Every structure is written in structure tokens, then in C-alpha cells.
Amino acid sequence: MIYLDHSATTKPDPAVLQTFIQANERYYANPASLHQMGVEANALLTRAREQIADIIKTSPEQIIFTSGGSESNNFAIKGLARANKHRGMKILVSAIEHASVLESAKALEKEGFTIDTIDVDEHGVILIEDLKQKLTKDTVVVSIMHVNNEMGAVQPVTEIANIIHQNSRAFYHMDAVQSFGKIPVQFKGEDGPDAITVSGHKINGLKGSGFLALRKQVNINPIIHGGGQEMGYRSGTVAVPQDVALAKATRLAIEKQPQKALQYSKWRDDLHEFFKQFPYVHVLSGSEGAPHIISCAVKGLKGEILVNAMQHEGIIISTSSACSSKEHTVSHVVRAIKLDPSYEKGVIRMSLGEGITDADIETFKAVFSKVMHQVKEM
């Protein structure tokens, strides 16, 4: 089996699993407990927080462990908006955000916030002039993802941050779930975002782990109330083994990122050239997109048919997004890029990750050619 769905989830690294097991065996005490075992568990948790903070260049107090990307996105948008109403009641999001961002914004509409959407071009990159026009003095939160999960579009983070910080008092939240560990993530200084979301299972870590990182101390409301864990931001007994494993996955992801980006870029460019031989295949991912995501659409065909046909040949790919693939509807990202209707149901995504080889890419190309020949004759 050749697995090309790493944007949906990744296989945990053996070293991360080993760290998780060891932490569970020895440091299972509640880190809030006053006895020696609790003190030791809390010390381990503190080291994990410090390691992540050191990697992304912020202070440990600005790292808040969560259950993953969706929780971090909810926390950032709702927490920042509710705590800073005095700055304004407007929220800006891009048209291609993950559902956890879009639905968080919609939830705030019921509390009196107004939501505006930033348009994107045909490759999924936001229109800077649209951002400038819609960014107003009463904007309190702007949420624009770094790498789009369906197309691999990379947003101009530095330009976005400068526009937001120089023209408003809004906080810039960036969903970095699909970029962290794949391309460099800028998170220091005024030309970076104020908050980023990272998910463990997207970087060969564990499901149920993630963090929201803040660049500096800001007012942010908790969304889970209780015993006051995680500096009062997220109550509940802290999952020390998950967070220690997350620190391990974070370090490994950053160490391997440069080499992986080179390898993935080579395969991405190769696949872009490969798809050109099919006149009815339209590549959606831009040549300047993320190295690990290649998205294309087949004219007059449903993506599910291709996914099933490829799976029958031992190759795992996906339709546009794992989170929305069971809805059997055209994704909001495809709508946003204004794709020709004859292509919009035939979107498939190949996402690269650890364990893939040159031979796997060649096998994919051979199988795709075979499948396309079969389905076009039907």
C-alpha cells in the first residue's frame, strides 16, 4: 500500500510512540498533585513546554496545550474576540479556512460580531487588496491559514502581518496545521502572526495533541473552565504523556523539515509535469505552493470514483479534504477559487510524507495512467 494522504493524518514516528509509552509508564501522576510523583510529572510537562517554546521562539507561558488543531482554532478566535471586544466587533477570515475557523467565526455572529471574508485567486492565495479594503479599525481578529489543506496554497505571511499590524489593532491568528514541519513558519517579531495553531497528528505525532502558541502576552478568554490548568486558559487534568510526545514530534519535525521540503518539492514538480499529459486533468496547486500537497481535478468525473479506483490498486489518496470528504458536496475551497463547474466534483489530493520513495511516485504515475485509461473508456 502506498499512502499519499498525509494531510489528513500521519503515522506516528516510532520515537514519538516510545516517548509516549515511557512517559505513561513513569509519569502518570496528575501534574497538579502536591506529592512527589505529581511534582515529577509537572517537571516533565514544564520541560516539554519549554522545548516547544524554544523551537518556535516564544516564552513557555505562551504555549497552551490543546487536543489539536480544531480546539486551538476555536480557542484562538473565540478567546481573542471575546476578550478584546473593546478593540472592535469585526472578524476577518479567508474564504478557504478550515471548518473549525469558519464555524468558530459563525458562532460569534450570534454574540454580535460581524464576519467578513477575504477572497482568493485561482490558486487559493488571498487577494491582498481585498484584505486591505476589508480590514477596518474595528477589526479585532484576522484568521488566515498558512498552507491550505486542500490545494497547498501558501499565503504571504509577512506581507499579511505587516498590513494587519500597521493598519489596525487586530490580532493575526494563523492556522499552521498544514505548514508546521513542512515549510518554515515565521513566528517572531511584528512581521509574524500573533498566534499559531499546530496539531500533533499532522507532524508524525499523536492524535489528541496540539498547541496554540501566542507571540506575546495578550488578553484571551478561556473556553474550558474548571480547575485552572494551563495557566487558567484550559482547565482539565493535563495529558502529560501526550504533551511530552508532542514536544518530541515538534523537535523531530523541525529537524527534518529542510531535507523533507527538498525531497517533496522534487516529487511535486515531477507530478505537475506528469499531469500535463492528460488534457482533461487540471492541476489546482500552484507551482509556488507547498511542497507536500498536489491537488488536481478531472473533468466530468467524481473524485470518489478516482479515490476508490486508486485504492483498488493499492494507492491511498483523498478527495479535496478528509474533514469534508464524506459530505459529497463541492468544497468551499473549490467554490472560492471559482473552478470551472465541469471540474469541481473531480478534485483529488495527493499529500506527501515520511516513508514515501521514488519508486512509490513512479508506481503512482503508472497506476494513475492505468486508472484514467479505464475510467475514460467507461
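In this predicted model, strand 3 and strand 4 run parallel and are joined by five bridges. Within this pairing, Ile91 has Ile115 of strand 4 as its bridge partner. On the way from one strand to the other comes helix 4, and strand 3, helix 4 and strand 4 together make a right-handed β-α-β unit. Strand 3 (residues 90–94) is also joined to strand 5 (residues 139–143), through four bridges and again in parallel. Here Val93 finds its bridge partner in Ser143 of strand 5. Helix 4 (residues 99–109) packs on the sheet, where it touches strand 3, strand 4 and strand 5, and its direction makes about 160° with that of strand 3.

A look at the helix itself fills in this contact. Ser100, Val101, Leu102, Ser104, Ala105 and Leu108 are the buried residues of helix 4. Their cover includes strand 3, strand 4 and strand 5, along with helix 3 (69–83) and helix 9 (332–336).

These strands belong to an open sheet of seven strands, in the order 2-8-7-6-5-3-4 and with mixed pairing. Strand 2 (63–66) and strand 4 (114–118) stand at its edges; each has a single partner strand, so one side of each lacks a neighbour in the sheet. Ignoring direction, neighbouring strands are turned by 20° against each other on average. As a reminder for reading any such strand, side chains in a regular strand alternate between the two faces of the sheet.

Toward the strand 2 edge, the sheet meets another helix. Helix 2 (residues 36–56) lies across strand 2, strand 7 (195–199) and strand 8 (210–214), and runs at about 115° to strand 2. A simple length check works out well for this helix: at 1.5 Å a residue, its 21 residues should span 30 Å, and the 31 Å between its end C-alpha atoms agrees with that. The buried residues in helix 2 are Gly38, Ala41, Leu44, Leu45, Ala48, Arg49, Ile52, Ala53 and Ile56, a list in which an arginine appears beside glycine, alanine, leucine and isoleucine. Among the elements that cover them are strand 2, strand 7 and strand 8, as well as helix 1 (14–26) and helix 7 (240–275). Just after helix 2, Lys57 takes a positive phi of about 65°.

Positive phi values also turn up in loops. Most residues other than glycine have a negative phi, which makes the following residues worth a look. Asn204, in the loop between strand 7 and strand 8, has a phi near 60°. With 10% relative accessibility, below the 20% limit, Asn204 counts as buried. Glu230 sits in the loop between strand 8 and helix 7 and, although not a glycine, has a positive phi of about 50°. At 6% relative accessibility, Glu230 counts as buried too.

Helix 7 leads on to a further sheet. Three strands form this open sheet in the order 9-10-12, with antiparallel pairing. Its edges are strand 9 (281–283) and strand 12 (347–351), each with a single partner strand, so one side of each is left without a neighbour in the sheet. From one strand to the next, the twist averages 25°. Strand 9 and strand 10 (residues 293–298) run antiparallel and are joined by three bridges, with His282 standing opposite Ala297 in strand 10. Helix 7 lies across strand 9, strand 10 and strand 12 and runs at about 10° to strand 10. Helix 7 is thus met twice in this description, because the cover of the buried residues of helix 2 includes it and contact within 4.5 Å also places it across the three-stranded sheet.

Leu306 offers a close view of another buried site. This residue is found in helix 8 (residues 303–312) and, at 0% relative accessibility, counts as buried. Leaving out residues up to four places away in sequence, Leu306 touches Val298, Leu301, Ile317, Ile348, Val371 and Met372. From Thr117, Leu306 is 189 residues away in sequence and 32 Å away in space, C-alpha to C-alpha.

Aromatic rings complete the picture. The structure holds eleven aromatic pairs, and ring pairs link Phe274, Phe275, Phe278, Tyr280, Phe364 and Phe368 into a cluster.

How values were computed: Residues are numbered from 1 along each chain as its sequence is written. This is a predicted model: local features need pLDDT of at least 70, side-chain atom pairs count only at pLDDT 80 or more; totals for chains, interfaces and linings use all residues. Side-chain values use heavy atoms; hydrogens and water are left out. Two strands pair if DSSP finds at least two bridges between them. Helices (H or I, at least four residues) and strands (E, at least two) are DSSP runs, numbered from the N terminus. Axes are lines fitted to C-alpha atoms, for helices over the stretch in contact, and angles run from 0 to 180 degrees between N-to-C directions. Rings of Phe, Tyr and Trp (its six-membered ring) pair if their centres lie within 6.5 Å; planes under 30 degrees apart count as stacked, over 60 as edge-to-face and the rest as tilted. The expected span of a helix is 1.5 Å times one less than its number of residues. Buried means under 20% relative accessible area, exposed over 50%, partly exposed in between (1.4 Å probe, protein chains only). A crossover is right-handed if, with the strands pointing away from the viewer, the path from the first strand over the helix to the second runs clockwise.
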